Amino acid sequence: MTRTGEKMDAERRPKVVTITVGTNELRWLDRCLGSLLDSDTTGIDLEVCYVDNDSADGSVEHVRAKYPRATVIRNDRNLGFAGANNVGMRRALESGADYVFLVNPDTWTPPGLVRGLTEVAEEWPEYGILGPLQYRYDPESTALDEFNDWTHTVLWLGEQHAFAGDGIAHPSTAGPAEGRAPRTLEHAYVQGSALFARTAMLRETGLFDEVLHTYYEETDLCRRARWAGWRVALHLDLGIQHRGGGGAAVPSEYSRVHMRRNRYYYLLTDIDWHPAKAARLAGRWLVADLRGHSVVGRVPAATGARETAEALRWLIGRVPTMRSRRRSHRVLRARGTKGASR
């Protein structure tokens, strides 16, 4: 890609749609949606969208009554993080939005964050996905003074590949130093809790892979963005408060099984990994998983074996899907290589 953009000015007002997915998370919504609606909209058109994933705690009624400026979409069933965000992103694409900003309910957004992300994206059109650093959530404060666990991990791993913590050498997915926006870190992915995406990129890459349901969907989208020729980065001078950010907030059976199965699915659909190396890494995971040393937390060996068997049964049933994904990923990478200069 070549840099062709100009700074935002009054002649063009990019449209940004924020998308917050909630599933029985009423207690977080006032601070989250309130901060988004209070954003500095100088030079941008902002729409705040709440997508409800079949909540039973009165979330929809509360948002409609208290935040009439917000757009509310109610799903008639829980579509998972991937599916529910896709509902919001499809609507944003249909409305002609230039950008979407996915924001979890357990966040507080500083007034200048949405505008700041938009300004960077407008000036640097090579970037398909951007994200802020994440800070500790404090309902009594608006300060960004202490990183959360996810940011600490990001700064430790830097620009290594997605599974660098597993100890297998593999090339970084980060782009070259030439052409980078200042103060950016091209980490392996931007977490879906605060992910700012260009809709032009989404039209090329597609949205979240709904097979994943929850976990790894943003990591998958970031690699597809890079295969298509876009840059992906965190901006070191922009931040958001996020209560989560250290993996699954609750190490439930649901989170353990989904994290396991999706991790294998992600690896086995990654066309940059040689099959032998991928098999070696998957084998290392399998031994740990069967012993109950889950990516989310430790459980008794019997529980680990049972949950791993459940994850593997799911994975075996998705073999045709994984083959299809690998084919589409190769096509995407080939197109991205040919169209690397925009």
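These are my notebook entries on strands, helices and cores in a predicted model.

**Entry 1: strands E1 and E2**

I began with strand E1, residues 15-22, and looked for its partner. E1 pairs with E2 in the parallel sense, and I counted eight bridges between them. For one end of the pairing I looked up Lys15, whose bridge partner in E2 is Asp45. I then followed the chain from E1 through helix H1, residues 26-37, to E2. These three elements make a right-handed β-α-β unit.

**Entry 2: strands E2 and E3**

Which strand pairs with E2 over five bridges? I found that it is E3, residues 71-75, and that this pairing is also in the parallel sense. Within it, Val51 stands opposite Ile73 of E3. The chain gets from E2 to E3 through helix H2, residues 59-66, and I noted this β-α-β crossover as right-handed.

**Entry 3: how enclosed E2 is**

Is strand E2 largely enclosed or not? I checked residues 45-53 for burial. Seven of these nine residues are buried, so E2 is largely enclosed by the rest of the structure. I reminded myself that side chains in a regular strand alternate between the two faces of the sheet.

**Entry 4: helix H4**

I made the same check on helix H4, residues 113-123. Nine of its eleven residues are buried, so H4 too is largely enclosed by the rest of the structure. The buried residues include Leu113, Val114, Leu117, Val120 and Ala121. Glu122 and Glu123 are on the buried list as well, and so are Gly116 and Thr118.

**Entry 5: the nonpolar cores**

I looked next at the largest nonpolar core, which has 40 residues. Which of them touch the most other members? They are Ile19, Met89, Val100, Ile129, Met201 and Leu202. Helix H3, residues 80-94, gives this core its largest share, six residues.

I picked Met201 for a closer look and left aside its neighbours within four places in sequence. Met201 is in contact with Gly128, Ile129, Leu221, Ala225 and Trp230.

There is also a second, separate core of 31 residues. Among its members are Ile44, Val48, Val103 and Leu238.

**Entry 6: helices H9 and H10**

Last, I looked at how helix H9, residues 275-290, packs against helix H10, residues 301-317. Their axes are 7 Å apart, at an angle of about 135 degrees. Angles over 145 degrees would count as roughly antiparallel, and I therefore wrote H9 and H10 down as oblique to each other.

Which residues meet where these helices pack? From H9 I listed Leu286, Asp289 and Leu290, and they meet Ala301, Gly304, Ala305, Thr308 and Leu312 of H10.

Notes
Residues numbered from 1 in each chain as written. Predicted model: local features only at pLDDT ≥ 70, side-chain atom pairs only at ≥ 80, totals over all residues. Heavy atoms only, no water. Buried < 20%, exposed > 50% of the residue type's maximum accessible area, 1.4 Å probe, protein only. Helix = DSSP H or I, 4+ residues; strand = E, 2+ residues; numbered from the N terminus. Pairing = 2+ DSSP bridges. Right-handed = clockwise from strand over helix to strand, strands pointing away. Core = buried A, V, L, I, M, F, W, Y, C linked by side-chain atoms within 4.5 Å. Contact = heavy atoms within 4.5 Å. Axes fitted to C-alpha atoms, helices over the stretch in contact; angles between N-to-C directions. Parallel < 35°, antiparallel > 145°, perpendicular 65-115°, else oblique.
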